[in-house]
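This report introduces one structure to a reader who has not met it before. It takes up the cysteines, then a pair of strands, and then the nonpolar cores.

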Amino acid sequence: MKKIILLVIGFISFISSAQQQKPGIGDDYYQNPIFAGDYADPSIIRDGEDYYIVHSSFNYYPGLLIWTSKDLINWKPVTHALKKSVGSVWAPDLVKYNNKFYIYFPANETNYVVWANSINGPWSDPIDLKIGNIDPGHFTDDKGNRYLYFSNGNYVPLSKDGLAITSEGKHVYDGWKIPEEWSIECFCMEGPKVLKRGNYYYLTTAEGGTAGPATSHMVISARSKSPLGPWENSPYNPIIRTKDSSEKWWSKGHATIIDDVNGKWWMVFHGYEKDYHNMGRQTLLEPVEWTNDGWYKSPENTKTENPIKKPAGKNIKNNFTLSDDFSGSELKPQWQFFNEFDAERFKLTQNGIQLKAKGKGIGESSPLLCTPPDHSYTAQVEVEIEGNATAGLILFYDSKLYTGIAADKENVLAILRSWQFPTQKGVNKTHLFLRLEKKEQLVNMFYSLDGKAWKKIENSAEVSSFHHNVLSGFMSLRLGLSAVGDGQVTFKNFVYQSN
């Protein structure tokens with residue numbers, strides 16, 4: 001009965017990190033974002049009637065979660081393409097070529113590729129391409145020669161199988177000159193993506209810096225008769241840019257251009273939501289149109305924050321939810337460990353997920369995290385503590401900064417900006433319940449001994465500054481479970497609900 005109640009709560013709560021229909025905008029319209037929460041640097045392809053997308057996965061493992069859609073709006077998870085830890089994974093590029101799938105990505109001051117015969121996997125271990133720079137963008141010429149562009153405006157040739165660099169790079173693009181009076185973070189050309197339409201190759205890049213001032217990031221377009229240049233900048237640059245800090249979406253950039261099944265064209269990109277930088281960069285979608293002289297641009301009067309007419313396509317059914325009773329034989333796709341994936345560290349049982357305790361503090365414990373898609377929400381979990389372990393329900397930015405509530409075999413503990421201390425001493429329970437209630441940027445903390453009567457501890461947290469512009473790192477505030485010390489913690493009946 002408990003499992004049935006949990007599933008019902010999960011279904012009626014926020015269903016997915018992907019876009020859900022919002023009331024009042026009409027069935028033929030959607031509202032950005034299409035992925036709420038930390039889904040930065042989207043790379044998207046269309047394979048027949050199916051769309052696939054992947055994002056930066058940073059220090060979270062398993063990484064490179066692939067999603068699929070039939071209409072560009074409603075998405076469901078497919079699989080993680082990366083399980084072996086190679087560092088912080090930025091700006092991937094998803095590719096289908098000769099009936100194989102590839103993801104190129106930078107990490108650990110080099111670039112890697114993983115590949116698979118099917119989008120569902122199995123995916124290969126990462127192959128080191130032994131070349132620096134960031135944001136690889138794959139393309140082929142009319143003869144089937146394969147190349148990667150990088151954010152410095154260089155391209156390098158690839159082997160026929162796409163698994164090795166065959167010679168040094170050549171510089172062919174300097175970007176678009178940003179007016180000196182504009183407020184930007186840096187020139188910072190990023191995210192090159194190449195497509196061919198008609199007689200032209202189109203190079204789409206980002207400039208201006210991915211964070212910093214609201215007006216930093218932007219989408220830049222150039223074209224050439226050859227994929228190797230020379231490149232002519234678009235007269236419509238920047239294609240998209242946040243022009244004022246009063247707008248809802250800041251630092252809009254890092255775009256991929258894609259056609260839908262009916263031949264209409266779209267731009268998938270990311271941006272920060274004003275006042276919610278701690279949610280990370282969220283995935284946004286807008287239409288683009290082609291001019292008579294062969295450039296693409298944003299249609300007049302299109303605004304990212306306004307309802308936009310939907311693309312044509314089927315709405316796939318998706319019961320994905322962050323709530324989890326930890327049943328099943330595999331970890332559900334919303335969960336990722338910080339910094340590593342160790343399949344020996346956890347065990348899924350009929351009683352919940354058993355997680356071996358680790359480290360002297362949460363920053364060393366490689367917590368199990370998921371991505372909350374809402375401004376306000378409630379999360380709770382039941383815990384059983386064994387040995388000298390400490391169980392936590394936390395909001396985690398990185399190994400140095402986190403907040404939340406925890407419990408050991410004697411005390412309930414508060415965690416405020418990584419400062420952890422007993423707040424309710426002598427509870428003397430190894431079986432209890434923990435809850436976080438986030439109301440905008442205020443976090444209140446609760447515990448219960450029976451899952452019915454909840455006691456608020458005296459400590460609350462304010463988390464609006466837990467983001468990149470303050471802390472660097474490009475991370476976001478994730479919701480998670482931690483097991484610290486010696487012994488193990490069993491977590492069960494994790495319930496997430498949008499408020």
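## The disulfide

In this predicted model, Cys186 and Cys188 are joined by a disulfide, with a distance of 1.8 Å from S to S. A search of the whole structure finds 1 disulfide. The torsion about the S-S bond of Cys186 and Cys188 is about -115 degrees, so this disulfide is left-handed.

## Exposure of the cysteines

The two bonded cysteines can be described by how much of each is accessible. Cys186 has a relative accessible area of 24% and is therefore partly exposed, while Cys188, at 29% relative accessibility, also counts as partly exposed. Cys370, by contrast, has 0% relative accessibility and counts as buried, because buried means under 20% relative accessible area.

## A hairpin of two strands

Strand S11, which covers residues 137-140, runs antiparallel to strand S12, which covers residues 146-149, and 4 bridges join them. Within this pairing, Phe139 has Tyr147 in S12 as its bridge partner.

Together S11 and S12 form a hairpin, with 5 residues between the two strands. In the turn of this hairpin, Gly144 has a positive phi of about 85 degrees.

## The nonpolar cores

The largest nonpolar core holds 81 residues, and those that touch the most other members are Trp75, Leu393, Ile405, Leu479, Phe491 and Phe494. Strand S30, spanning residues 389-398, gives the most to this core, contributing 7 residues.

There is also a second, separate core, which is made up of 20 residues and includes Tyr52, Ile103, Tyr112 and Trp123.

Terms used. Residues are numbered from 1 along each chain as its sequence is written. This is a predicted model: local features need pLDDT of at least 70, side-chain atom pairs count only at pLDDT 80 or more; totals for chains, interfaces and linings use all residues. Side-chain values use heavy atoms; hydrogens and water are left out. A disulfide is a pair of cysteine sulfur atoms within 2.5 Å. Buried means under 20% relative accessible area, exposed over 50%, partly exposed in between (1.4 Å probe, protein chains only). Two strands pair if DSSP finds at least two bridges between them. Helices (H or I, at least four residues) and strands (E, at least two) are DSSP runs, numbered from the N terminus. A nonpolar core is a set of buried Ala, Val, Leu, Ile, Met, Phe, Trp, Tyr and Cys residues joined through side-chain atoms within 4.5 Å.
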